[in-house]
Amino acid sequence: MITGSGYALQLIADVAGLEWMDWADCLYVDPELFHPEKGQRAGPAKRICMGCAVRVECREYAMTVPDMRGVWGATTERDRDRLRAKRNAGNQAAA
C-alpha cells in the first residue's frame, strides 16, 4: 500500500509521459462513443480519432495494456490484438 508522499510519487510516475492526452480530440466528446456496446459500430469514434493530432501516441499507449477496452487511437480491442500479433510475428522473424 502506498500512503502519504509515496502516493504522490506513484501518481506522478503513473502519469509521466501522458501529457499527450491533454491534446486529444476525444476530450470534447461523450466518452460512451469510444466504448460501443456489443453490436454497435466503432466507426464514429474511429472517425474522430483519425483527425486527432495524438492518434499515434494514443494507439501506442493502448497497445501497452493488453486488456484496454474501447477505441483508442482509431483502433478497437480486436484491431490492437491483430497489430500485436503482427508485431510479434515480425519480431520473431527478425530474431
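A pocket here is an open set of grid points, on a 1 Å grid over the protein atoms alone, where a 1.4 Å probe fits and protein lies on both sides within 12 Å along at least five of seven lines. With that in hand, the second largest pocket of this predicted model holds about 290 Å³ of space. Its lining runs to 19 residues, and Cys26, Phe34, Cys58, Val71 and Trp72 are the ones nearest the centre. Helices H2 and H3 (55-63) are the elements that each give two or more residues to this lining. Sorted by class, the lining of the second largest pocket has 15 nonpolar residues, against 2 polar and 2 charged.

The largest pocket comes to about 410 Å³. Here 17 residues make up the lining, with Gln40, Ala42, Thr76, Glu77 and Arg78 nearest the centre. Two or more lining residues come from each of helix H2 (43-50) and helix H4 (77-94), and H4 supplies the largest share, at 4 residues. As for chemistry, the lining of the largest pocket splits into 8 charged, 6 polar and 3 nonpolar residues. H2 thus turns up in the lists for both pockets, the largest and the second largest.

Stepping back to the whole chain, the fold has 4 helices and 0 strands, so along the sequence the pattern simply reads α-α-α-α. Of its 95 residues, 25% count as buried. The accessible surface is about 7100 Å², and carbon and sulfur atoms own 57% of that. Among contacts with a separation of 6 or more, 44% are between residues 24 or more positions apart.

One example of residues far apart in sequence coming together in space involves histidine 35, which sits in the loop between helix H1 (4-15) and H2. Histidine 35 and glycine 70 are 35 residues apart in sequence, yet their C-alpha atoms are 4.5 Å apart. Once neighbours within four places in sequence are set aside, the contacts of histidine 35 are Arg69 and Gly70. Histidine 35 counts as partly exposed because its relative accessibility is 38%, between the 20% and 50% cut-offs.

Turning to charged side chains, the whole structure contains 6 salt bridges. Arginine 69, already met as a contact of histidine 35, pairs with glutamate 77 at 3.0 Å, N to O. Glutamate 77 is also among the residues nearest the centre of the largest pocket, and its relative accessibility of 31% makes it partly exposed.

Over in H3, arginine 59 and glutamate 60 form another salt bridge, at 3.2 Å from N to O. The two partners fall on either side of the burial cut-off, which is 20% relative accessible area: arginine 59 has 18% and so is buried, whereas glutamate 60 has 26% and so is partly exposed.

A third pair, aspartate 79 and arginine 82, has its side chains joined by a salt bridge of 3.5 Å, N to O. Both residues belong to helix H4, and because they are 3 residues apart there, about one helical turn separates them. Aspartate 79 is buried, since its relative accessibility is 17%. The pair does not stand alone: Lys46 joins Asp79 and Arg82 in a network of salt bridges.

Conventions
Residues numbered from 1 in each chain as written. Predicted model: local features only at pLDDT ≥ 70, side-chain atom pairs only at ≥ 80, totals over all residues. Heavy atoms only, no water. Buried < 20%, exposed > 50% of the residue type's maximum accessible area, 1.4 Å probe, protein only. Contact = heavy atoms within 4.5 Å. Areas by Shrake-Rupley, 256 points an atom, 1.4 Å probe, with all protein chains shown as cover. 1 Å grid on protein atoms, 1.4 Å probe; cavity = no way out; pocket = protein on both sides within 12 Å on 5 of 7 lines; lining within 4 Å. Points joined across faces, edges and corners; volume = space filled by probe spheres on them. Nonpolar A, V, L, I, M, F, W, Y, C, P; charged D, E, K, R; others polar. Salt bridge = Lys/Arg side-chain N within 4 Å of Asp/Glu carboxyl O.
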